[in-house]
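Q: I would like a close look at one part of this protein, namely its first helix and whatever that helix packs against, set in the context of the rest of the chain. Please take me through it step by step.

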Amino acid sequence: MRGLYIHIPFCVKKCAYCDFYSVPSADEYIGNFADAVIIEAQKYNKLICSTFYIGGGTPSILGTENLNRLLSGIYAAFDLRRMAEATIEVNPDSATPAFLKTAKRRGFNRVSIGVQSLVDTELKSVGRIHTADQATAAVMNARQAGFKSISADLIIGLPEQNWTSLRLSLESLTGLEIQHLSLYCLSLEPGTPLAENPPKKLPSDNIQAKLFDKACDFLDRHGFIHYEISNFAKPGYECKHNLNYWRGGEYVGLGPAAASHFEGKRYKNKADLEAYLNRPTKQVTEEETLPPAEKAAEEAMLRLRLLQEGLDIDEMAERFGEPTVRSLMKRLNRLVIEGSLLREDAGYRLNPAKVLVSNPILARVLGD
Ligand code: SF4
């Protein structure tokens with residue numbers, strides 16, 4: 001399985017917590033950007049991909065004309081005839097009915113909406129430019145456009161958020177019958193306005209953990225499976241594109257700052273729009289071929305994010321060779337003894353009680 005990802009590096013306005021690569025949108029750039037992506041795409045020479053994901057930044061900023069322009073070039077450059085899933089991310093302020101209908105007509109079967117909260121004061125407190133009503137309308141418009149697989153992002157730990165306000169967001173979204181939810185805990189990323197000027201009423205880590213636990217219970221009662229650390233889905237609606245990533249599969253990323261894992265190599269484009277527009281095929285940086293033991297450890301770390309599926313060590317030993325996975329197994333067994341991982345038959349899984357402290361555990365799987 002191989003995925004295709006396109007990073008759209010434009011946003012209307014930077015949100016206070018965000019450290020993704022994006023620049024303020026400028027109409028004169030967007031058409032040129034679509035052309036630059038098509039030039040980069042052509043170097044892959046009709047490569048077969050079975051999942052497609054346009055993320056960002058804000059893909060819905062493209063508007064219908066530039067989306068059509070981009071897709072015509074992409075569909076000519078890649079072989080996407082056996083595509084199992086095509087997702088487009090949208091933000092509520094730019095997800096117009098026309099944009100959503102165009103995305104559906106041009107082959108997208110899944111939409112991921114940056115809702116973040118359905119409480120206006122919470123949205124405003126971190127610089128989101130949309131309202132709760134716009135977010136609700138985006139979900140309804142997506143359904144109206146024919147999308148049967150709708151995902152929403154929510155943030156836990158927003159200023160002044162409590163269980164009453166989080167439950168309101170969750171109740172509204174489950175009432176709108178979405179199929180997938182990504183639940184991210186707010187973190188103060190260095191260099192962001194939020195980190196430089198943290199609001200006084202940020203929920204503590206302890207409160208954030210309690211909110212996350214309650215949200216997990218709520219979603220469980222509403223038929224969502226907690227299949228990945230931050231992701232919940234109705235059965236059969238897990239994100240196939242991201243599953244491929246967590247299973248260590250290949251993917252090709254186009255656009256500034258996009259990462260790829262292709263033909264045994266990992267590489268990333270520079271996060272520089274100007275340079276990308278000038279020379280879209282010459283932006284690769286940080287190219288590396290991981291030695292087998294590091295590759296096995298990285299794959300183990302990604303697979304452990306999958307809470308139900310976990311990691312089948314026999315299967316890994318078969319692929320990488322037993323001597324290669326020996327020291328990895330020692331680290332995994334140590335984490336089992338400490339209670340961070342669970343050992344079941346041939347597999348390891350993250351202990352569900354450790355989901356919120358998974359970062360240091362996963363770092364130790366890598367050997368850090
Ligand atoms: S819309 Fe998304 S990508 Fe853009 S600044 Fe906000 S969080 Fe970041």
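A: What follows begins with the helix, moves to the loop after it and the ligand shell, and then turns to the cores, two backbone details and the domains.

The model is a predicted one, and the values here are computed from it. Helix 1 covers residues 27-42, and its 16 residues reach 24 Å from the first C-alpha to the last, which is close to the 22 Å expected at 1.5 Å a residue. Its buried residues are F33, A34, A36, V37, E40 and A41. An α-helix has 3.6 residues a turn, so residues three or four places apart point the same way. The buried residues of helix 1 pack against strand 1 (2-8), helix 2, strand 11 and helix 10 (273-278).

Beyond the helix comes the loop between helix 1 and strand 4, where K46 lies. K46 counts as exposed because it has 10 C-beta neighbours inside 10 Å. Leaving aside neighbours within four places in sequence, K46 is in contact with F78 and D79. The C-alpha atoms of K46 and S204 are separated by 49 Å, the two residues being 158 apart along the chain.

Strand 4 (51-56) is followed by the loop that leads to helix 2 (63-77), and G57 is found in that loop. The bond between G56 and G57 is a cis peptide bond, with omega at about 25°. Both glycines also belong to the residues around the ligand, which are C11, K14, C15, C18, F20, S22, G56, G57, T58, N91 and G114. By class, this shell holds 4 nonpolar, 6 polar and 1 charged residues.

V37 of helix 1 also leads into the interior of the protein. The largest nonpolar core has 78 residues, and V37 is among those that touch the most other members, together with V111, I113, V139, A142, A152 and L181. For I113, once neighbours within four places in sequence are left aside, the contacts are V90, P92, A95, A135, A138, V139, A142, I150, S151 and A152. There is also a second, separate core of 16 residues, which includes L304, L311, M316 and L341.

Strand 11, one of the elements that helix 1 packs against, runs through residues 250-254, and A257 lies in the loop between this strand and strand 12 (259-262). A257 has a phi near 75°, a positive value in a residue other than glycine. A257 is buried, because 20 other C-beta atoms lie within 10 Å. E286, in strand 14 (residues 284-288), likewise has a positive phi, of about 50°, although it is not a glycine. E286 is exposed, however, because it has 10 other C-beta atoms within 10 Å.

On the wider scale, the protein is divided into domain 1 (2-244) and domain 2 (291-368), and the C-alpha centres of these two domains lie 29 Å apart. Contact between them involves 7 residues of domain 1 and 7 residues of domain 2. On the side of domain 1 that touches domain 2, the elements giving two or more residues are helix 8 (205-221) and strand 9 (225-228). Strand 9 gives the most to that side, with 4 residues. By class, the side of domain 1 that touches domain 2 has 5 nonpolar, 1 polar and 1 charged residues.

Conventions:
Residues numbered from 1 in each chain as written. Predicted model: local features only at pLDDT ≥ 70, side-chain atom pairs only at ≥ 80, totals over all residues. Core = buried A, V, L, I, M, F, W, Y, C linked by C-beta atoms within 7 Å. Buried ≥ 20, exposed ≤ 12 C-beta atoms within 10 Å, placed from the backbone. Contact = placed C-beta atoms within 7 Å. Near = placed C-beta within 6 Å. Nonpolar A, V, L, I, M, F, W, Y, C, P; charged D, E, K, R; others polar. Domains from an automatic or database assignment. Expected span 1.5 Å × (residues − 1).
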